[in-house]
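Student: I would like a close look at one part of this structure, taken slowly. Please keep the explanation connected from start to finish.

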Amino acid sequence: MKKAILLCCVGVVACSRPQQPTVQPDLHYVVGPAWKVGAAWMYPREDFSYQAMGLAVRQEDSAQPLTTDGEVRNPLSMTGSHPTLQLPAVVTVINLENGREITIRVNDRGPAEAGRVLGLSRKAADLLGMGAGPARVRVMENEMASRQLAEVLPGGPMLQINTAPLESVKQTDLGAAAPASHSAGAPAPTVPQTAPANQNTAQAVTQLPQLPVEWRQGQPVFTQLWVETADFTARGAAARLAAREGGSVWPSFTPQGKMWAVRQGPFTTISDADAALKRALADGLTGSHIVVE
């Protein structure tokens, strides 16, 4: 009898527990505003042909249930974060230290640590063979896949164009007097507008398919670490800064043309590069970042 009463009490307590609200995704395309990582400012922008080499880290656990692009956060998915790329974007990541290669969807803003170019979910970091610390990686964007995401998701550039308000069309008869029902300057009969195909698709998309949980094996690559400041249009200005900071001048090729950068290094360890980056940022060189080559 006592056992039966105890079971009833347990059942009542279980039934009385409040139900946890289900997290609803809010999937959308986003670039977003500038944001700050320590002393460094990050400026998100559209770049569908992004390539870079740098340091990747494991993403820290977040209390936010949704990623920046509105996906439900899942540490077991093949996803990651980036400081400036449009979201979402599909990228290939190669661990230069062991040759492993994976494909992930960047869907969050981060990492919140200076000198890091990519954050990886727990599953993605495991498959890439990463330990607890940063790994030297190459990141290459899949342009076609990333553009397709931009075209079908709410907030994307194509959607904004197709949903722009349309003005009514007016007509004027320059010949004989127009009939009373269609006087000169009166609006033409309304023509039903067909909604663009990608608009309907965007409204229907509530989640994206998970990328395959897999990795490919390549060859490791020897690399060195440098700390680089922002680019200069004049070599003389770069040379003066290099003399002050104990660095050297390097040519830098950007979409704006040939420019000049100041580098310190090479450094053998990541901790040495981090220390040099910290000094550069403290000196007010807020465009400084770590380069892996």
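Which residue in β12 is the bridge partner of Leu-225? Please describe the surroundings of that pair as well.

Tutor: The bridge partner of Leu-225 in β12 is Phe-267. Keep in mind throughout that this is a predicted model.

Start with the strands. β10 covers residues 225–228 and β12 covers residues 257–267. β10 and β12 pair in the antiparallel sense, over 3 bridges. The two strands belong to an open sheet of 4 strands, in the order β11-β12-β10-β13, and the pairing in it is antiparallel. β11 (248–254) and β13 are the edge strands; each has a single partner strand, so one side of each is left without a neighbour in the sheet. On average, and ignoring direction, neighbouring strands here are turned by 45° against each other.

Next, the helices against this sheet. α6 packs on it and touches β11 and β12, with a direction that makes about 15° with that of β12. α7 lies across β10, β12 and β13, and runs at about 5° to β10.

Now the side chains. In soluble globular proteins, nonpolar side chains tend to be buried together. Leu-225 and Phe-267 both belong to the largest nonpolar core, which has 25 residues. Along with Leu-55, Val-227 and Ile-290, they are the members that touch the most other members. At least two residues of this core come from each of several elements, among them β10, β12 and β13 of the sheet and the helices α6 (235–245) and α7 (270–282). β1 (35–37) and β2 (40–42) also supply at least two residues each. The element that gives the most is α7, with 6 residues.

Ile-290 shows how these pieces come together. This residue lies within the range of β13, residues 289–292. Leaving out residues up to four places away in sequence, Ile-290 touches Leu-225, Trp-226 and Val-227, and also Ala-273, Asp-274 and Leu-277. The remaining residues that Ile-290 touches are Leu-55, Gly-115 and Arg-116. Leu-225, where we began, is therefore a bridge partner of Phe-267 and also a contact of Ile-290, while β10 has α7 lying across it.

There is also a second, separate core of 24 residues, which includes Ala-52, Met-78, Leu-127 and Leu-128. One of these, Met-78, is in contact with Ser-121. Ser-121 lies in the loop between β7 (118–120) and α2 (122–127), and is buried, with a relative accessible area of 2%. Setting aside neighbours within four places in sequence, Ser-121 is also in contact with Gln-59, Pro-75, Ser-77, Thr-79 and Gly-80.

Gly-80 leads to another set of paired strands, since it stands opposite Val-106 in β6. β4 (residues 79–82) and β6 pair in the parallel sense over 4 bridges. β5 (residues 89–95) pairs with β6 in the antiparallel sense, over 6 bridges, and there Val-91 stands opposite Ile-104. Of the 10 residues of β6 (residues 100–109), 7 are buried, so this strand is largely enclosed by the rest of the structure.

To return to your pair: Leu-225 and Phe-267 are bridge partners, and both are among the residues that touch the most other members of the largest nonpolar core.

Definitions and conventions: Residues are numbered from 1 along each chain as its sequence is written. This is a predicted model: local features need pLDDT of at least 70, side-chain atom pairs count only at pLDDT 80 or more; totals for chains, interfaces and linings use all residues. Side-chain values use heavy atoms; hydrogens and water are left out. A nonpolar core is a set of buried Ala, Val, Leu, Ile, Met, Phe, Trp, Tyr and Cys residues joined through side-chain atoms within 4.5 Å. Buried means under 20% relative accessible area, exposed over 50%, partly exposed in between (1.4 Å probe, protein chains only). Contact means heavy atoms within 4.5 Å. Two strands pair if DSSP finds at least two bridges between them. Axes are lines fitted to C-alpha atoms, for helices over the stretch in contact, and angles run from 0 to 180 degrees between N-to-C directions.
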